[in-house]
Amino acid sequence: MIAMNILGYHGALAFNDGMPELPEVEMVVRGLRGLLTGRRFIKARLIRAGLAPENPPRQFAAWLKGATVLDVARRGKHILVHLANGKTLITHLRMTGRFYNLAEGDENLPHTHAEFLLDNRKKLIFTDQRHFGMMMIARTAELESVRHLEKLAPEPFDPEFSEKYLLDVLKRSRQEIKVFLLDQTRVVGLGNIYVSEALHRARINPRLAANRISARRAGVLRSHVIEVLQEAIDSAANQVTDPREVYGRYGAGAIEDSWRVYDREGLGCMTCSTPIRRIIQATRSTYFCPNCQK
Ligand SMILES: [Zn+2]
């Protein structure tokens with residue numbers, strides 16, 4: 001785990017949270033969109049069958065061979081490559097899944113579990129050191145009923161994620177708000193970092209029960225959820241570290257510098273100078289200001 005931190009997501013914070021968060025996945029989506037849209041897969045190969053348990057390697061290869069990419073999109077933290085043959089390739093990066101853009105003749109990198117030859121003499125590969133990543137090819141028309149996607153809440157940037165929507169789901173839960181916000185069936189996109197950041201900006205105590213949040217504060221919370229995610233996406237835009245990697249990782253320090261509470265235990269709150277506290281909720285660290293977030 002420590003060795004992974006050197007190269008892992010969020011620098012030293014990979015201890016706590018190896019998972020890329022939504023802004024990072026969005027950067028991968030944008031990178032893939034630029035590389036793949038309009039291109040054709042000459043050939044695809046599933047090298048580790050366990051990466052796509054629902055599609056045996058032969059089917060995986062057959063369904064992608066010759067398919068033209070229409071677009072690359074995102075649903076929660078799933079990457080969706082929509083194909084002209086009516087199929088969609090779904091990928092979840094989990095902890096260490098990454099895409100690399102190589103030349104056709106290049107040797108694969110260590111831990112390459114899938115490779116895709118493109119019609120422009122390029123080769124896209126998927127590496128996954130820890131084997132938690134997931135791929136699946138589904139019919140695009142049936143995407144909403146795919147088990148990985150069917151229960152996901154509305155996207156934070158969609159109009160569906162309205163104040164009314166958020167208030168309605170809050171009212172139905174007695175869970176602590178921090179834990180509630182990590183549940184992707186209620187709110188999509190917040191991971192452990194941005195949930196602390198959004199609650200700090202909204203001045204809400206992470207231990208408050210969801211159903212005790214007023215309509216007014218739910219509205220404030222909603223706008224901060226959108227704001228922290230948007231800012232993270234904006235500041236991630238120019239942080240490619242390995243030119244072959246498809247926007248997989250943040251550069252050192254850039255995003256971290258914008259965190260106001262996350263990983264700042266004992267340091268002064270940027271609003272009021274009170275030392276930031278760390279508590280454990282549902283086995284994961286939460287950071288908050290006991291003064292601003294009463
Ligand atoms: Zn404070």
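**Strand pairing, helix packing and the zinc site in a predicted model**

Among contacts in the protein chain between residues at least 6 apart in sequence, 64% join residues that are at least 24 apart. The model is predicted. Its protein chain has 294 residues, of which 53% are buried, and its secondary structure comes to seven helices and 10 strands.

Four of the strands form an open sheet in the order β1-β6-β7-β5, with antiparallel pairing. Its edges are β1, residues 41-46, and β5, residues 97-103, each of which pairs on one side only. On average, neighbouring strands of this sheet are turned by 15° against each other, with direction ignored. Helix α2, spanning residues 22-36, packs on the sheet and touches β1, β5, β6 and β7, the last of these covering residues 122-128. The direction of α2 makes about 25° with that of β5.

Within this sheet, β1 is joined to β6, residues 112-118, by five bridges in the antiparallel sense. One residue pair can be placed by name: Leu-46 has Ala-114 of β6 as its bridge partner. A further helix, α3, formed by residues 57-64, lies across β1 and β6. The direction of α3 is at about 165° to that of β1.

Strands β2, β3 and β4 are linked by two hairpins, with β3 taking part in both. β2, made up of residues 69-75, runs antiparallel to β3 and is joined to it by six bridges. In this pairing, Val-69 is matched with Leu-83 of β3. Two residues lie between the strands of the β2 and β3 hairpin, where Gly-76 takes a positive phi near 60°.

On the pairing with β4, residues 87-92, β3 again runs antiparallel, here with five bridges. Leu-80 has Ile-90 of β4 as its bridge partner. The hairpin of β3 and β4 has three residues between the strands, and Gly-86 in the turn has a positive phi of about 85°.

Strand β3 itself, residues 78-83, is mostly covered, with six of its six residues buried. The side chains divide between two directions: His-78, Leu-80 and His-82 point one way from the strand, whereas Ile-79, Val-81 and Leu-83 point the other way. Burial therefore applies to both sets, since buried means under 20% relative accessible area and all of these residues are buried. Two of the named bridge pairs also involve this strand, through Leu-83, the partner of Val-69, and Leu-80, the partner of Ile-90.

A zinc ion is bound by four cysteines of the protein, with Cys-269, Cys-272, Cys-289 and Cys-292 each donating the SG atom. These donors lie 2.2 to 2.4 Å from the ion. The angles among the four donor atoms range from 99 to 114°, and the site is tetrahedral. Along the chain, the donors follow the spacing C-x2-C-x16-C-x2-C.

Accessibility was evaluated for two of these ligands. Cys-289 counts as buried because its relative accessibility is 0%. Cys-292 has a relative accessibility of 6% and so also counts as buried. A disulfide is a covalent bond between the sulfur atoms of two cysteines. A search of the whole structure finds zero disulfides.

Definitions and conventions: Residues are numbered from 1 along each chain as its sequence is written. This is a predicted model: local features need pLDDT of at least 70, side-chain atom pairs count only at pLDDT 80 or more; totals for chains, interfaces and linings use all residues. Side-chain values use heavy atoms; hydrogens and water are left out. Two strands pair if DSSP finds at least two bridges between them. Axes are lines fitted to C-alpha atoms, for helices over the stretch in contact, and angles run from 0 to 180 degrees between N-to-C directions. Contact means heavy atoms within 4.5 Å. A disulfide is a pair of cysteine sulfur atoms within 2.5 Å. Buried means under 20% relative accessible area, exposed over 50%, partly exposed in between (1.4 Å probe, protein chains only). Donors are N, O and S atoms within 2.8 Å of the metal (3.2 Å for Na, K and Ca); water is not among the atoms, so sites may look incomplete. Four donors count as tetrahedral if all angles lie between 85 and 135 degrees; four count as square planar and six as octahedral if opposite donors are over 155 degrees apart and all others between 65 and 115; anything else is irregular.
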